[in-house]
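Please load the model in a viewer and set the display so that individual residues can be selected by number. The tour below proceeds stop by stop, stating at each one what to select and what is found there.

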Amino acid sequence: MNRSVTVIGGGGIGLSIALEMAQRGVETSVIQRDPSSDITSWSAAGILPPARLEQALDPLDRLRGFSHQLYPEWIAQLESTTGVDCGFRKCGGWYLATSPGERAAMVGMTGYWKELGISCHAVSEHELAEREPSLTSWSKGAEASSAWWVPNEWQIRPPHLLRALRTACQSSGVKFRDRTEVVDIATNDGQPHLLVGGNWEKCDQVVLSAGAWSGKIARNLGMEKSVIPIRGQMLLLKTPSSLLTSVVNVGHRYLVPRDDGYLLVGSCEEEVGFEQGTTSDMLESLRQFAVSLIPELKSAESVSHWSGIRPMTFDGFPMIGRVPNESSIYVAAGHFRSGWHLAPATAKCLVALMLGEKPAVDLIAFGAGKKQICGDAPTHSYMR
């Protein structure tokens with residue numbers, strides 16, 4: 001293939017695709033709007049929930065399982081190439097229930113995981129306290145408290161992984177156009193054109209991977225209502241040493257411990273359009289959530305806080321594939337809370353499709369043509 005590829009978007013998905021393309025010998029460039037255009041990837045928690053490909057039937061579970069399978073080698077290659085520690089840790093995860101409703105939801109989830117061959121174990125109050133002493137107070141004080149251990153849950157540090165991906169892309173010959181905004185995409189005589197700085201530029205092939213902004217860019221392609229932005233807020237705490245060894249999940253909220261004593265507290269889902277920023281009420285709610293699990297965090301230092309804009313589709317499935325009625329325009333967007341987890345599989349499968357090969361996971365369920373927002377979007381409780 002002698003044609004070039006232009007990737008719109010410099011977040012985790014876009015850079016993963018660009019790197020895969022370049023490593024396959026394709027001339028590749030990335031157009032990035034501005035440093036805040038990758039805020040969704042930068043601001044993520046970096047939780048990689050358990051997944052397994054072999055027994056999965058649901059298309060999203062298959063994509064997730066394939067990505068989970070790829071991760072260790074993918075990260076090892078990135079770290080070897082760039083020298084950047086991406087914070088990949090096979091730390092395992094705790095799933096806690098603090099009410100009968102949460103417990104019922106977790107019983108259903110763990111049952112489903114067991115069907116997929118994913119290891120998960122209910123643990124006693126004594127075992128939890130022995131392995132995570134900082135959670136002793138929670139396990140004794142919470143009504144209807146229950147806990148499960150999931151060894152196949154991992155984590156990465158998104159800012160570090162972003163840096164590694166960009167460095168690897170540059171080493172592989174990917175060209176970057178930073179602080180450059182693509183306003184629109186259109187096709188003329190079967191060839192894609194991008195509206196950049198008031199001028200239309202001709203391209204060979206285009207991959208639209210601009211997260212929640214993808215629909216705004218692709219109005220001419222009928223994708224304006226394909227993705228909606230959902231804001232999530234995050235709080236970063238610091239203690240002299242780490243109080244946890246593993247990720248802790250309670251419903252959609254979580255604590256993510258880093259090796260250096262930092263603790264990430266998240267998150268929420270707010271339909272506020274593209275408005276970024278944090279609110280004092282939500283940050284206080286996140287802090288109280290953390291303290292309710294670990295009372296020692298009451299004296300923890302609040303180091304920072306931020307928000308990210310997640311791209312959500314109406315059915316919870318990302319869009320990965322060729323745009324309908326277009327021969328040279330592809331899309332990879334709408335990964336919602338699973339962008340980092342699905343990045344390597346998205347890249348492998350989309351690049352294979354673009355090169356005329358059979359993807360490892362069938363992408364028919366992720367087609368862009370059916371994506372229109374209509375009503376409430378379902379979410380998966382283990383998406384991060």
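**Stop 1: the second largest pocket**

The coordinates belong to a predicted model. Begin by selecting E20, Q23, W74, Q77 and K348, which lie nearest the centre of the second largest pocket, a site lined by 15 residues. The elements that give two or more residues to this lining are α1, α3 (59-82) and α10 (339-354). Of these, α3 gives the most, with 6 residues. The space in the second largest pocket amounts to about 260 Å³. Sorted by class, its lining has 7 nonpolar, 5 polar and 3 charged residues.

**Stop 2: α1 against α10**

Keep α10 on display and add α1, which spans residues 12-23. At what angle do the axes of α1 and α10 cross? They cross at roughly 40 degrees, coming within 8 Å. The two helices are therefore oblique to each other. The crossing of α1 past α10 is right-handed.

To view the contact itself, select G12, I13, S16, I17, E20 and M21 on the α1 side. On the α10 side, the residues to select are G339, W340, A343, T346, A347, K348, L350, V351 and M354. By class, this contact of α1 with α10 has 9 nonpolar, 4 polar and 2 charged residues. Two of the residues in this contact, E20 and K348, are also among those nearest the centre of the second largest pocket.

**Stop 3: α1 against α7**

Now hide α10 and show α7, residues 158-171, together with α1. The axes of α1 and α7 come within 9 Å and cross at roughly 30 degrees. That angle makes α1 roughly parallel to α7. Is the crossing of α1 and α7 left-handed or right-handed? It is left-handed.

Select G12, L15, S16, A18 and L19 in α1, then L162, L165, R166, A168 and C169 in α7, to display the residues that meet. The contact of α1 with α7 has 7 nonpolar, 2 polar and 1 charged residues. G12 and S16 of α1 take part here and also in the contact with α10.

**Stop 4: α3 against α7**

Leave α7 in place and bring back α3. The axes of α3 and α7 come within 9 Å and cross at roughly 65 degrees. Consequently, α3 and α7 are roughly perpendicular to each other, and their crossing is left-handed. For α3, select Y71, W74, I75, L78 and T82; for α7, select L161, A164, L165, T167 and A168. Together these form a contact with 8 nonpolar, 2 polar and no charged residues.

Two further overlaps may be highlighted at this stop. W74 belongs to the contact with α7 and is also one of the residues nearest the centre of the second largest pocket. L165 and A168 of α7 meet α3 and also meet α1.

**Stop 5: the second largest cavity**

The structure holds 2 cavities of 30 Å³ or more. Which residues line the second largest cavity? Select T239, S242, L243, L244, P257, G261, Y262 and L263 to see its lining. About 40 Å³ of space lies in this cavity. Its lining has 5 nonpolar, 3 polar and no charged residues.

**Stop 6: two backbone details**

Move next to G266 and S267, where the connecting peptide bond is cis, with omega near -10 degrees. S267 is in the loop between β16 (262-266) and α9 (280-293).

Finally, select N325. Where is N325 found? It is in the loop between β18 (319-322) and β19 (329-333). Phi of N325 is near 70 degrees, a positive value in a residue other than glycine.

Methods. Residues are numbered from 1 along each chain as its sequence is written. This is a predicted model: local features need pLDDT of at least 70, side-chain atom pairs count only at pLDDT 80 or more; totals for chains, interfaces and linings use all residues. Side-chain values use heavy atoms; hydrogens and water are left out. Axes are lines fitted to C-alpha atoms, for helices over the stretch in contact, and angles run from 0 to 180 degrees between N-to-C directions. Helices (H or I, at least four residues) and strands (E, at least two) are DSSP runs, numbered from the N terminus. Angles under 35 degrees count as roughly parallel, over 145 as roughly antiparallel, 65 to 115 as roughly perpendicular and the rest as oblique. A crossing is left-handed if the near helix is turned anticlockwise from the far one by less than a right angle, and right-handed if clockwise. Contact means heavy atoms within 4.5 Å. Ala, Val, Leu, Ile, Met, Phe, Trp, Tyr, Cys and Pro count as nonpolar, Asp, Glu, Lys and Arg as charged, and the others, Gly among them, as polar. On a 1 Å grid over the protein atoms alone, a cavity is a set of points where a 1.4 Å probe fits but cannot get out, and a pocket is an open set with protein on both sides within 12 Å along at least five of seven lines; lining residues have an atom within 4 Å of a point. Grid points are joined across faces, edges and corners, and a volume is the space filled by probe spheres set on the points.
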